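Please work through the exercises below with the sequence and the model side by side. Each task is followed by a solution that proceeds step by step.

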Amino acid sequence: MTVFSIARLPRIEFGAGALQKLPDIIASYGARVLLVTGARSFINTPHWQFLIDQLEHRSITWRHCTVAEEPSPALIDELVKAHAGDDFTAVAGIGGGSALDAAKAVAGLLRVRRSVMDYLEGVGPELPYQGPAVPFIAVPTTAGTGSEATKNAVLSVQGENGFKKSFRHDKLVAEYAIVDPDLLASCPASVIAANGMDALTQLLESYVSIKANAFTDALAISGLQSARDALIPLYRQHGDMARQREKMAYAALLSGITLAQVGLGSVHGLASPLGAFYPIPHGAVCGTLVAAATRANIHSLLAREPNNQALAKYLHVAEILCEKRFIDPETAFNALIDLLTQWTEELALPRLSHYGLQEAGFGKVIANCRGNSMKTNPIVLTDEEVRQVLLERL
């Protein structure tokens, strides 16, 4: 068994009804909390009124701000400036990945009072972050990004000169991750599809990552099994919905843990420039590219590194997701790619051209795709191989 190191994780409270623990957890840190949520979905449910009532019952002063889309550095700086003097004892992020990432960044900066641009990877002075951070509590309401278990807050500037970069540090890891599958009940089908394929992709990419280890492999396999069983039924609203929500919340949580420990791969390498230069939701990028990227990885490994252990892992993933044994690796690889393609189509994930990408834009995307995620892909893809991945899903 290889030597490995596991970075800090939150304390995890998982299960239906786990949200009821949130007021007491907030109170354990003090009497002033900043609540960061998405723009609509959570605050339009009875869970919001329950939370507010419970906070007021405990004499906890609260302030509320919303995040309507993927957060930008400007938004983070604006929120920090507005609330830096409020002396919050905790920040609770409740929502999808955008709300959690925004809350995470704000919690890291309220007591530091510097621009997030000073710490953002790859765009500014990249000063060493030293904290202190306000205690952060993460409550996901979607099953996708796994942000509740990571140390990075992903921030975006969209457009011609856009970027998608992380503010990243162990001090930003949530003190608590409260994962209540009941909160997924308000997710529309399109969100279930995009976020579910994001979680699936994160599990697959971390499993074949060059940094993968026995600990993360066990989690990734367990998560892949849960996503296999729950994603399509949850999207179709078929079967035991409570059970499907539980399985997808679990898969997404594990995907966040594994990606935080060992990194990702080519899909997420491409997701960064695609999300920066085009209005493509992150989950949609993952869902539409995972089959094509898996094909490219497998074909490149067979051609250039036939003894790479990632091929055995792709074979195992094929057996897990297809729920069968295969007579030879080639049959298994084809079945895996076909299944991922089938899921992409069944979940109605749009092609990249739907968001404005054209072949003329490939060069810029490829030139900006070789960040941290691409560095842990099981094989270094050539520019032409990356181009073929984009072309397959144009």
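**Exercise 1.** Which residue follows helix 6, and what is the sign of its phi?

Solution. Helix 6 is followed by Q237, and the phi of Q237 is positive, near 60°. The model is a predicted one, in which local features need pLDDT of at least 70 and side-chain atom pairs count only at pLDDT 80 or more, whereas totals for chains, interfaces and linings use all residues. Residues are numbered from 1 along each chain as its sequence is written, and side-chain values use heavy atoms, with hydrogens and water left out. Helices (H or I, at least four residues) and strands (E, at least two) are DSSP runs, numbered from the N terminus.

**Exercise 2.** Compare the span of helix 6 with its expected value, then examine its N-terminal end and its bend.

Solution. Begin with the length: the expected span of a helix is 1.5 Å times one less than its number of residues. For the 23 residues of helix 6 (residues 214–236) this gives 33 Å, and the end C-alpha atoms are 34 Å apart, which agrees. Next, look at the N-terminal end, which N213 caps through a side-chain oxygen that lies 2.9 Å from the backbone nitrogen of F215. Finally, follow the axis to A230, where helix 6 bends by about 30° (the angle between axes fitted to the seven residues ending there and the seven starting there); a proline, P233, follows within four residues.

**Exercise 3.** Describe helix 7 in the order of its start, its body and what comes just after.

Solution. At the start of helix 7, a side-chain oxygen of D240 comes to within 3.2 Å of the backbone nitrogen of A242. The body of helix 7 (residues 241–262) has 22 residues and reaches 31 Å from its first C-alpha to its last, close to the 32 Å expected at 1.5 Å a residue. Of these 22 residues, 17 are buried, so helix 7 is largely enclosed by the rest of the structure; buried means under 20% relative accessible area, exposed over 50%, and partly exposed in between, with a 1.4 Å probe and protein chains only. Just after helix 7, G263 takes a positive phi of about 85°.

**Exercise 4.** Is N152 buried or exposed, and which residues does N152 touch?

Solution. First locate N152, which lies in strand 6 (residues 152–157). With a relative accessible area of 12%, N152 is buried. Its contacts (heavy atoms within 4.5 Å) are with D101, K104, S147, S166, F167 and R168, not counting residues up to four places away in sequence. In addition, the side chain of N152 makes a polar contact with the side chain of T150, at 3.2 Å.

**Exercise 5.** How do strand 2 and strand 3 run, and how many bridges join them?

Solution. Strand 2 and strand 3 (residues 61–67) run parallel and are joined by 7 bridges, and V33 stands opposite W62 in strand 3. Because 6 of the 7 residues of strand 2 (residues 32–38) are buried, strand 2 is largely enclosed by the rest of the structure.

**Exercise 6.** Locate E126 and E323, and state why each counts as partly exposed or exposed.

Solution. E126 is placed in the loop between helix 4 and strand 5, and its phi, near 50°, is positive in a residue other than glycine. E126 counts as partly exposed because its relative accessibility is 45%. E323 is placed in the loop between helix 10 (309–322) and helix 11 (329–346), with a positive phi near 55°; because its relative accessibility is 57%, E323 counts as exposed.

Notes
A polar contact is a pair of N or O atoms within 3.5 Å; within protein, one must be able to donate a hydrogen and the other to accept it, and residues adjacent in sequence count only if both atoms are side-chain atoms. Two strands pair if DSSP finds at least two bridges between them.
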